[in-house]
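I opened this model to look up a few things and kept short notes. The entries follow in the order I made them.

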Amino acid sequence: MNKRLVLLHAMEEDMTEGEVLRLALFHAVCELDGWGGAVHLCGPMGVLRLVLTAGLPPEFAPRWDIIAQDSSAVPARAVREDGAVWAAAGEDGGLKAAAGDDYVWPAAEVIRSGGGLAAVPLAGEQQTSGALTVVTSGSARPPQEHWNFLHQVAAWAQERLALAPPPDGAAPEERDMRQLQQAMAAGRAGTWDWNIRTGALAWDDAAMAVYGTAPEEFVPHAESWMKVVHPDDLPWTLAAVEKAIRDRGAFEAEYRVRRPSGGYAWTHARGQVLLDDDGLPYRMIGTSWETHASHTARDALSRALLHMSDGFLAVDEEWRISFVNLEAERILGSSEQETYGRLLWSVQALRQATGFEARCREAAAAAAPTSFDMRLPDTGCCYQLRLVPVPGGLTLYFTDVTDRRRLEAERQDAERAAARRSAHIAELTTALSTATTSHDVVDAVAQGVLPPFDASGLLVQAVEGDRVHNVGSIGYPDAFLRSVDGRTKQSQDPVWDAIVAAEPVFVSSPPEYSARYPGMADHPARTGKQSWAFLPLTASGRSFGICVVSFDQPRRLSDEDRTLLTAISALVAHALERARLFDAEHTRSQKLQRALLPRRLPQLSACTAAARYLPAAQGMDVGGDWYDVIPLSSGRVALVVGDVMGHGLSEAAMMGRLRTAVHTLAALELPPDEIMSHLNDAVGDLGEDFYATCLYVLYDSTSGTCSITSAGQPPPAFVYPDGTVSFPALDPNPPLGAAEPPFLTVTTTVPPESLIVLYTDGLVESAECEIDQGMDDLARVLHGSSGQDLERLCDEIVGVLVTGRTSGDDIALLVARVHALPSDHLASWPLPEDPRAASQARAHVREQLEAWGLDELSSTTELLVSELVGNVVRHGKGPMRLRLLRDADLVCEVSDCSLTMPRIRTASETDEGGRGLQLVAVLSQRWGTRYTAGGKWIWAAQSFAETAETPRHLSDKDALPPPA
């Protein structure tokens with residue numbers, strides 16, 4: 001401590017006032033191990049002025065720049081009491097200023113955590129001239145040796161200040177005060193004191209110089225200050241004064257004051273509001289100093305901002321406009337006088353901008369530069385607004401980007417249009433690659449070409465000889481299409497010009513069309529089109545067609561559009577050529593398929609039937625699905641559906657062989673299980689690569705029974721007269737070619753007028769639908785349909801179960817409504833096992849035919865019965881029975897218990913027998929043998945005479961409908 005004093009006293013005596021005070025403060029802070037310190041000197045009008053700080057950030061010092069000597073602040077008490085003053089954290093005078101606010105001093109937060117303030121006066125010979133204050137790091141009062149050191153340092157500082165030569169002309173008694181004022185006046189700072197309530201204003205000499213007022217001209221009232229302030233700066237400067245009074249805080253402003261020479265200079269003022277005992281503002285004290293030098297550069301900057309090409313605005317913290325350049329005046333439609341001092345969003349042009357205020361407040365809150373586009377509704381111009389937070393406010397830059405945004409929008413629109421067009425072309429390429437028919441190609445072009453080019457019409461024609469024929473069209477009247485279909489080759493025709501030259505022809509308007517093709521000048525009016533692109537379809541080195549794209553408005557296509565359309569026409573040409581080959585092959589396949597399926601369903605009294613065949617959704621190979629209705633003897637009928645696995649000519653040939661085999665085996669009157677066994681052998685002989693499924697239903701109209709045998713097929717559906725639906729429980733036999741006989745047969749009774757629905761698995765099974773779900777859907781469609789028209793029912797089944805579904809399998813559907821043979825059309829008698837049976841049989845026949853009104857058939861029928869009974873008597877055994885059926889034919893049947901097959905023998909001239917079956921064959925249209933579990937029936941059928949009453953139960957639909 002003594003060493004520090006020795007060092008101070010060893011300093012040279014010609015030190016400046018600033019060097020003296022700086023050394024004194026430095027050693028005081030170091031000796032007390034403090035955080036920093038400050039020196040205040042007494043100024044005029046009873047205030048203390050801050051002249052020096054150490055160890056404290058300079059931006060915080062202005063809060064203690066001016067202290068009233070009568071306040072409770074530590075430096076003021078040290079001067080007023082002329083002694084040492086200590087205040088710990090939180091004590092009055094330590095952290096409280098005279099204004100009553102929280103004293104925000106540079107080390108306030110540190111002081112609050114345990115520091116304090118220690119101050120001693122700077123005492124001169126005549127009076128106390130100031131105070132030296134140290135911010136200590138501890139909250140305890142410094143020891144006495146520290147206070148002694150502070151007093152000695154203060155005395156040394158006062159002694160060295162006294163050695164400085166006084167200003168010229170100063171009286172000795174003014175020596176101390178003038179020297180201190182000289183130390184404070186380095187920045188031409190003046191002090192002022194304003195009574196808020198009375199308006200009384202006091203300036204010291206330095207303030208007089210700052211405001212350019214001679215002492216003899218000064219009137220001690222606030223109006224003296226208002227007269228020298230620039231009129232443009234006065235409103236917002238007064239607003240700053242009012243804010244300081246309202247907030248009971250500090251005042252700070254920078255404004256221009258009039259100079260005696262007539263010009264204006266910039267001045268910075270800072271003050272503090274003092275409160276009375278009631279806490280109300282009554283006085284403001286402060287300082288002012290010139291800042292004109294720094295404003296010289298700022299004025300040059302202002303001139304640059306004033307004339308810059310972008311609009312520029314500056315606003316203060318209250319969002320009031322403080323600067324507007326010329327471009328901003330033009331943008332806002334308001335002059336500087338109209339906008340200065342106004343709230344930013346109160347300006348008419350900005351008030352109408354959507355979201356403007358919110359974006360500005362967000363930028364201020366973020367304290368980071370922000371930019372966004374803003375469109376002014378009045379002018380329609382678009383501006384890029386850049387907001388830059390600056391100390392004390394915000395600056396705004398307006399850049400006109402209307403043309404730039406328009407060009408960007410146009411570019412983006414063009415890019416989006418190009419992207420959409422590319423997407424359409426990609427979709428078109430994909431669609432053309434998967435198109436299989438000519439109609440598929442036309443649909444793909446309509447969807448992939450017309451939208452991206454905003455076209456409204458499409459016509460595709462193919463060349464056949466010297467004519468063009470329509471393949472497909474969109475957007476053309478039917479009358480026009482009929483007139484151009486088959487048009488011959490001729491000159492002055494845009495279609496043939498493009499085909500012959502193998503070059504596209506573009507016509508931009510109806511007048512151009514009429515001028516180039518006068519013979520066809522009526523075409524624009526007939527079609528309603530205004531411009532055209534005639535694109536030849538060329539593949540394999542030849543033009544085989546034309547694609548015409550037309551528009552509703554006159555249009556001159558750009559080079560890019562023409563190039564693109566020409567490239568598209570090449571894609572269409574290859575796709576159409578491939579599709580035409582497919583169409584030809586598909587037509588041949590359809591003809592083959594029709595040849596393999598029944599041309600028409602037979603008209604039978606036992607049932608009425610309707611059928612549908614649907615080829616697979618993809619491919620042109622012939623499928624192996626088939627259906628059949630086979631009439632049998634004695635009012636019986638066989639209903640059959642089958643499916644040869646796979647597609648192709650070999651599968652179709654196998655299907656034809658199986659269908660023929662079923663007809664042959666059914667004609668032999670074999671039971672269903674035996675028929676299925678023979679079919680299994682036939683498929684097995686073809687090799688391991690062939691498999692087939694089959695469902696065989698035998699219906700007997702005389703008994704109403706159905707015998708069902710299946711090999712790999714789903715069961716039939718029965719729709720009863722009350723509308724209920726059932727599926728009989730069938731043993732799932734393997735497919736033909738993989739099965740092992742015997743095949744199980746299920747026999748059930750079916751009420752008359754019931755429906756029997758047979759189908760292949762493609763109807764109820766697909767990639768989207770399991771077979772169980774498909775059968776449930778079929779049952780829902782069939783429910784309540786027993787009385788429905790069969791053709792309409794077939795369409796409904798297909799529409800519900802197949803439409804909109806992707807199927808890779810063919811579908812065969814057969815629906816039959818079964819009828820019972822009326823009981824009065826059937827007669828049956830037992831016969832004895834002796835030769836008398838023949839005579840009894842003839843008598844029964846004669847009586848029954850007379851009852852039926854068929855007397856004209858009596859003699860022939862009696863002869864047939866005699867031969868049939870005689871054959872049984874000679875070669876059969878067991879009880880015999882005679883039965884007559886009046887159906888589509890007159891059927892005569894004789895049964896016995898023998899399984900011996902009757903055969904026609906070739907008898908010699910000397911043989912007495914062997915001619916009975918020959919006679920039966922001659923007298924009847926057809927005859928045969930039907931085996932049962934207990935024996936056999938030998939039957940013969942005769943046609944009725946045309947005049948005979950014949951019961952008919954036939955369908956009105958004779959022909960098989962075309963495949964769906």
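Helix 5, buried side. I looked up which residues of helix 5 are buried (under 20% relative accessible area; exposed is over 50%, partly exposed in between, with a 1.4 Å probe and protein chains only). They are His-146, Trp-147, Phe-149, Leu-150, Val-153, Ala-154, Trp-156, Ala-157, Gln-158, Arg-160, Leu-161 and Ala-162. Helices here are DSSP runs of H or I with at least four residues, strands are runs of E with at least two, and both are numbered from the N terminus.

Ground rules. This is a predicted model, where local features need pLDDT of at least 70 and side-chain atom pairs pLDDT 80 or more, while totals for chains, interfaces and linings use all residues. Residues are numbered from 1 along each chain as its sequence is written, and side-chain values use heavy atoms, with hydrogens and water left out.

Helix 5, length. I checked the span of helix 5, residues 144–163. The expected span is 1.5 Å times one less than the number of residues. For its 20 residues that gives 28 Å, and the end C-alpha atoms are 29 Å apart, so the two agree.

Helix 2 against helix 5. I took their axes next (lines fitted to C-alpha atoms over the stretch in contact, with angles from 0 to 180 degrees between N-to-C directions). The axes come within 9 Å and cross at roughly 175°. That makes the two helices roughly antiparallel (over 145 degrees; under 35 is roughly parallel, 65 to 115 roughly perpendicular, the rest oblique). I then listed the contact (heavy atoms within 4.5 Å). Helix 2 brings Glu-17, Val-20, Leu-21, Leu-23, Ala-24, His-27, Ala-28 and Glu-31. Among the helix 5 residues they meet are Phe-149, Trp-156 and Arg-160. By class I find 11 nonpolar, two polar and three charged residues. Nonpolar means Ala, Val, Leu, Ile, Met, Phe, Trp, Tyr, Cys and Pro; charged means Asp, Glu, Lys and Arg; the others, Gly among them, are polar.

Helix 1 against helix 2. Helix 1 covers residues 2–9 and helix 2 residues 17–31. They pack at about 170°, with axes 11 Å apart. This pair is therefore roughly antiparallel. Arg-4, Leu-7 and Leu-8 of helix 1 touch Leu-23, His-27, Cys-30 and Glu-31 of helix 2. I count four nonpolar, one polar and two charged residues there.

His-268. Is this residue buried or exposed? His-268 is buried, at 14% relative accessible area. It lies in strand 10, residues 264–275. Its side chain makes a polar contact with the side chain of Glu-252, at 2.7 Å. Such a contact is a pair of N or O atoms within 3.5 Å; within protein, one must be able to donate a hydrogen and the other to accept it, and residues adjacent in sequence count only if both atoms are side-chain atoms. Beyond four places in sequence, the contacts of His-268 include Ala-253, Thr-287 and Trp-289.

Thr-748. This residue sits in strand 30, residues 746–749. At 27% relative accessibility, Thr-748 counts as partly exposed. Leaving out residues up to four places away, Thr-748 touches Gly-704, Thr-705, Cys-706, Ile-708 and Phe-718.

Helix 27. Its 18 residues, 858–875, should span 26 Å, and the end C-alpha atoms are 26 Å apart, which agrees. The buried residues include Leu-864, Val-865 and Leu-868. Among the elements covering them are helix 26, strand 34 and strand 37.

Whole protein. I noted 28 helices and 37 strands. Of 964 residues, 49% count as buried.
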